[in-house]
Amino acid sequence: MPFTVRRIACAAALLVGLHAHAQEGPSTPFTNSAMDAPLFYQLLIGELELSGGQAGVAFQVLLDAARRTGDEELFKRVVNIALQARAGDQALMAARGWTEAVPSSVEAHQTIVQLLALLNKPAEVPQPLQALLRLAPADQRPGFIASLPRLFQRASDPKAVLAALAPVLQAQTGPLKPPALFTEARLAMNAGDNARALALTRELAAAQPDGDDAMQLAVDLMPVEPQAESLITARLAQKPDQHALRQAYGRTLIKAQRPADAVREFRLLTEATPDNPAVWLALGAIELELKHLPAAEAALRESLKRLDTPAAGSDAEIKARADGRQSAWLMLSRVAEQRGDLKAAEAALLKVDGSGIDVKYRRASLLARQGKLLDARKLLQPDADASDADARAAMLAEAQLLREQRDFAGAAAVLKAATERFAGDADLIYEQAMMSEKLGRFDEMEALLRKVIELKADHPHAYNALGYSFADRNVRLPEAKELIERALQLAPGEAFIIDSMGWVEFRLGNLPEATKLLRQAYAGQPDAEVAAHLGEVLWVSGAQDEARKVFAEAAQRDADNEALREVMGRLKVKP
């Protein structure tokens with residue numbers, strides 16, 4: 001009869017009872033325990049050594065007991081003792097002893113796989129993983145396979161993980177083939193092998209035409225592998241009622257700075273799921289970014305109708321609805337402010353509870369537009385006891401406010417102070433570089449952007465900003481193109497980076513390629529500055545009627561845009 005560590009206390013009580021029985025005389029008969037006295041004392045010594053801080057001694061004593069008895073609970077106890085002592089190799093030794101004592105134990109093999117991941121030893125995983133998949137019940141095997149990317153998410157060498165596990169995954173057949181494809185694709189993404197991940201995603205989509213896993217992979221791959229988008233659009237064309245997928249796709253388009261494409265998807269969502277306040281709220285935010293003010297206001301008010309409807313739910317759901325109302329009123333305030341209706345903007349802010357930085361910023365913006373810039377800046381100052389995160393957010397907000405007021409020197413001073421306080425913050429240094437550019441300090445801007453790249457080599461906007469600056473000033477054009485190509489490698493679908501590449505091609509004299517790229521950028525991000533670039537290239541190429549149309553559309557949305565006004569004035573195009 002196997003025993004467990006939890007029976008030690010019972011055994012001790014039994015000994016006490018035996019002693020009392022000997023003193024008081026016979027009463028009721030005892031049932032002999034399967035735990036003999038030497039084993040009982042061995043366990044007791046082990047636990048006493050552990051409680052006395054001698055984890056190493058306890059480990060050896062209890063591991064010996066576990067090996068002699070083959071008790072799985074005792075093996076688990078020994079593994080945990082080693083882990084608590086931060087002795088990973090000893091924990092692995094105990095787990096391997098467990099599989100030798102109980103070769104059919106699923107939990108023992110699973111523990112070895114987990115420990116090898118913890119110890120960053122992927123090359124040793126295949127054998128215990130194969131044993132685990134052979135021994136586990138059929139309904140548990142897919143879960144074990146799917147857990148592998150999470151186990152190895154902190155691995156120091158993701159390529160080594162992929163190399164070690166891929167043969168095991170590729171050997172899976174039947175019901176295990178789809179989860180193996182999914183897992184190998186995830187591991188390939190972690191290893192930076194996006195082309196391989198895309199191929200596996202396509203294979204998974206073919207194997208499970210109605211499954212969600214391939215679509216989840218495609219959404220995650222889109223920012224780095226643009227061809228993944230075709231898998232999503234094909235599924236949505238085939239099954240337009242997959243609203244969760246469409247929403248994930250729309251949000252990915254937003255992150256890729258493609259609001260014109262994102263707005264299309266969220267408009268479809270509001271038609272298909274009109275009672276969902278979240279899709280109305282997202283639509284309002286995108287319409288606002290596109291400066292479609294009437295459409296933005298309409299969508300935001302639709303979201304409020306649904307958010308204001310009393311509804312029961314969990315605390316998290318109630319909070320989400322409150323946060324949604326707050327966001328809607330903040331955006332309605334922005335809509336009114338952009339229309340020039342400051343009274344309506346202030347009225348919308350009165351509907352907002354709280355004093356977070358986003359609320360303060362909107363109030364500060366209204367004060368600044370009324371000529372009260374000092375009061376606006378005072379409102380944004382962090383409290384004396386503010387956390388570092390809150391202080392950083394406040395400094396960024398103040399710099400943004402000054403930038404909007406075209407006080408570039410003031411914004412640069414705030415950002416300089418921020419980078420001194422938060423040394424090594426790549427995003428703050430990037431913002432400081434942008435202000436240096438506004439002030440015409442191009443050498444300083446370049447030095448700051450190269451510092452960003454040194455700190456964060458995968459910062460696409462730093463490469464793009466430096467390359468675009470060279471192209472815009474018509475200097476160092478080959479280097480500009482190399483920088484922007486690197487930015488596109490890091491963020492291949494991002495419209496503003498595609499715009500930069502189009503602009504450098506224009507500067508290099510490649511008009512057809514420039515036109516193609518700028519059309520692509522403008523289709524995804526109909527921003528006034530992108531329109532200025534596209535319009536100028538069309539004008540120079542002889543397509544002046546189309547250029548006028550692009551200029552007119554952009555001027556209708558953002559007539560005050562500096563780049564747009566400059567090019568229209570230079571080309572003598574009437575608004």
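This is a short talk about one cavity and one helix pair in a predicted model.

Okay, hi everyone. Remember that what you see up there is a predicted model. Let's begin with the cavity.

How many cavities of 30 Å³ or more does the structure hold? Just one, and the volume of the largest cavity comes out at about 30 Å³. So who is sitting around the largest cavity? Its lining consists of Phe152, Pro158, Val161, Leu187 and Asn190. Two helices each put at least two residues into that lining: helix 10, spanning 158-170, and helix 11, spanning 177-190. Sort the lining by class and you get four nonpolar residues, one polar and no charged ones.

Right, on to the helix pair. Generally, you describe two packed helices by the angle between their axes and the distance between the axes. Here the two are helix 23, residues 388-404, and helix 25, residues 426-438. They pack at an angle of about 15°, and their axes are 12 Å apart. Angles under 35 degrees count as roughly parallel, so helix 23 is roughly parallel to helix 25. As for handedness, helix 23 passes helix 25 in a left-handed crossing.

Which residues meet there? From helix 23 we have Arg392, Leu396 and Arg403. On the helix 25 side they meet Asp427, Leu428, Glu431, Met434, Met435 and Lys438. By class, that contact between helix 23 and helix 25 has four nonpolar, no polar and five charged residues.

So, to recap for the cavity lining: no charged residues. And for the contact of helix 23 with helix 25: five charged residues. That's it from me, thanks!

Methods. Residues are numbered from 1 along each chain as its sequence is written. This is a predicted model: local features need pLDDT of at least 70, side-chain atom pairs count only at pLDDT 80 or more; totals for chains, interfaces and linings use all residues. Side-chain values use heavy atoms; hydrogens and water are left out. On a 1 Å grid over the protein atoms alone, a cavity is a set of points where a 1.4 Å probe fits but cannot get out, and a pocket is an open set with protein on both sides within 12 Å along at least five of seven lines; lining residues have an atom within 4 Å of a point. Grid points are joined across faces, edges and corners, and a volume is the space filled by probe spheres set on the points. Helices (H or I, at least four residues) and strands (E, at least two) are DSSP runs, numbered from the N terminus. Ala, Val, Leu, Ile, Met, Phe, Trp, Tyr, Cys and Pro count as nonpolar, Asp, Glu, Lys and Arg as charged, and the others, Gly among them, as polar. Axes are lines fitted to C-alpha atoms, for helices over the stretch in contact, and angles run from 0 to 180 degrees between N-to-C directions. Angles under 35 degrees count as roughly parallel, over 145 as roughly antiparallel, 65 to 115 as roughly perpendicular and the rest as oblique. A crossing is left-handed if the near helix is turned anticlockwise from the far one by less than a right angle, and right-handed if clockwise. Contact means heavy atoms within 4.5 Å.
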